[in-house]
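Biologist: I am new to this structure and would like a close look at a single part of it. Could you take me through one sheet and what lies against it, step by step?

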Amino acid sequence: MIKPQRPARRKLPRTFKELTPANHFNPATFFRELVWKALLTPRTGVSQRPVFPKLKHGEIAVTWIGHASFLIQFTDLNVLIDPNFANWLFLLKRIKRSGLKISDLPPIDLVLLTHAHFDHFHRPTLRKLPHPKIGIMPCGVGDLAHNLGFARIVELEWWESFSQAKSNWKVTFVPSKHWGARTLHDQHRGFGGFVLEHQGRKIYHAGDSAYFDGFAEIGKKLSPSLALLPIGAYHPESFRKVHMGPDEAIKVFKELGAKWLVPMHYGTFKLSFEAMDEPLRWLLELAARENLTRHIRVLEAGVPVVF
């Protein structure tokens, strides 16, 4: 079994730049680009009162909450992926409101958490969820989930799966190119994406990832038809060591062999230097150029879409 690659334990940082995986920032640039500009940007978006559709067997309703957060629904299964309803992440302001409120969520059967970064594993959100039964996350992350209301916590390594025969669903944890540390000294934490299989359908959430040669293998082994792929936080170029841009998301979509691409990880928090509206605009331009427009499904936050 292939194990996630763990970075070597780091010494105490000598500069502010060493607090980030690709030595991105100095303090002045961080404050100007990610804090000050966000403070000057009015928060937009509306938390909608969702109208959840009545599904038939084999149909999937996907509701984008914002950033990398999704509600996935089948006729008999409600799944949250990387839920984050925060208006602030420390100094980082949420620019676009969450698409729905926690109080409007249905009962949650399963929560999938791709890695321990604060924008994906948001403990205050998890504490407020309506008593999720099972939380699935990478190995080394389970200790963060204690006392958050989960009836059961499951930790997986890459290519390991967890299933419930009674409910006939299966989750497989798959590789990504990112990093998992939540603080300076916890380099042991895993990271990756998930493929959820139920009622003959397969949906892939990539988590955070740069482009790497593992996407073709995910497509070959698991053949997801619906791919939730990140398209933001790619500028400056050093960010591409851990994130992908729209150009690479298109490439990943082709390698997966999926039918639909749903973009995520853009337009919510300012985590990098590109304009907030650039990732989606660029994605749609590339899709039109490559005759893929019909395969791109841009979701309005808070509005369920049936696949």
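Modeller: What follows is a walk through one sheet, its strands and the helices beside it, with a short stop at a residue elsewhere in the chain.

To set the scene, this is a predicted model, and the protein in it holds five helices and 15 strands. Of its 307 residues, 58% count as buried, and among contacts between residues at least 6 apart in sequence, 66% join residues at least 24 apart.

The part to look at is an open sheet of six strands, which follow one another in the order 9-10-11-12-13-14 with mixed pairing. At its edges stand strand 9 (161-164) and strand 14 (260-264), and since each has a single partner strand, one side of each is left without a neighbour in the sheet. On average, and with direction ignored, neighbouring strands of this sheet are turned by 15 degrees against each other. As a general point, the strands of a sheet pair through backbone hydrogen bonds, in either a parallel or an antiparallel sense.

Strand 12 lets you see both kinds of pairing. With strand 11 (residues 193-198) the pairing of strand 12 is antiparallel and runs over five bridges, and here Phe194 stands opposite His205 of strand 12. These two strands form a hairpin with two residues between them, and in the turn Gln199 has a positive phi of about 55 degrees. With strand 13 (residues 226-230), in contrast, strand 12 (residues 201-205) pairs in the parallel sense, over three bridges, and the bridge partner of Ile203 in strand 13 is Leu226. Four of the five residues of strand 12 are buried, so this strand is largely enclosed by the rest of the structure.

Now turn to what lies on the sheet, beginning with helix 4, which lies across strand 12, strand 13 and strand 14 and runs at about 155 degrees to strand 13. Helix 4 (residues 246-256) also has helix 3 (residues 215-222) beside it, for the axes of the two come within 7 Å and cross at roughly 30 degrees. Because angles under 35 degrees count as roughly parallel, helix 3 and helix 4 are therefore roughly parallel to each other, and their crossing is right-handed. On the side of helix 3 the contact is made by Phe215, Ala216, Ile218 and Gly219, which meet Val252, Glu255 and Leu256 in helix 4. Sorted by class, this contact has five nonpolar residues, one polar and one charged.

The last stop is Pro138, whose place is in strand 7 (residues 134-138). Pro138 is buried, with a relative accessible area of 0%. If its neighbours within four places in sequence are left aside, Pro138 is in contact with Leu113, Thr114, His115, Glu155, Leu156, Phe173, Gly190 and Phe191. Pro138 and Val174 are 36 residues apart in sequence, while their C-alpha atoms are 9.8 Å apart in space.

Definitions and conventions: Residues are numbered from 1 along each chain as its sequence is written. This is a predicted model: local features need pLDDT of at least 70, side-chain atom pairs count only at pLDDT 80 or more; totals for chains, interfaces and linings use all residues. Side-chain values use heavy atoms; hydrogens and water are left out. Axes are lines fitted to C-alpha atoms, for helices over the stretch in contact, and angles run from 0 to 180 degrees between N-to-C directions. Angles under 35 degrees count as roughly parallel, over 145 as roughly antiparallel, 65 to 115 as roughly perpendicular and the rest as oblique. A crossing is left-handed if the near helix is turned anticlockwise from the far one by less than a right angle, and right-handed if clockwise. Contact means heavy atoms within 4.5 Å. Ala, Val, Leu, Ile, Met, Phe, Trp, Tyr, Cys and Pro count as nonpolar, Asp, Glu, Lys and Arg as charged, and the others, Gly among them, as polar. Two strands pair if DSSP finds at least two bridges between them. Buried means under 20% relative accessible area, exposed over 50%, partly exposed in between (1.4 Å probe, protein chains only).
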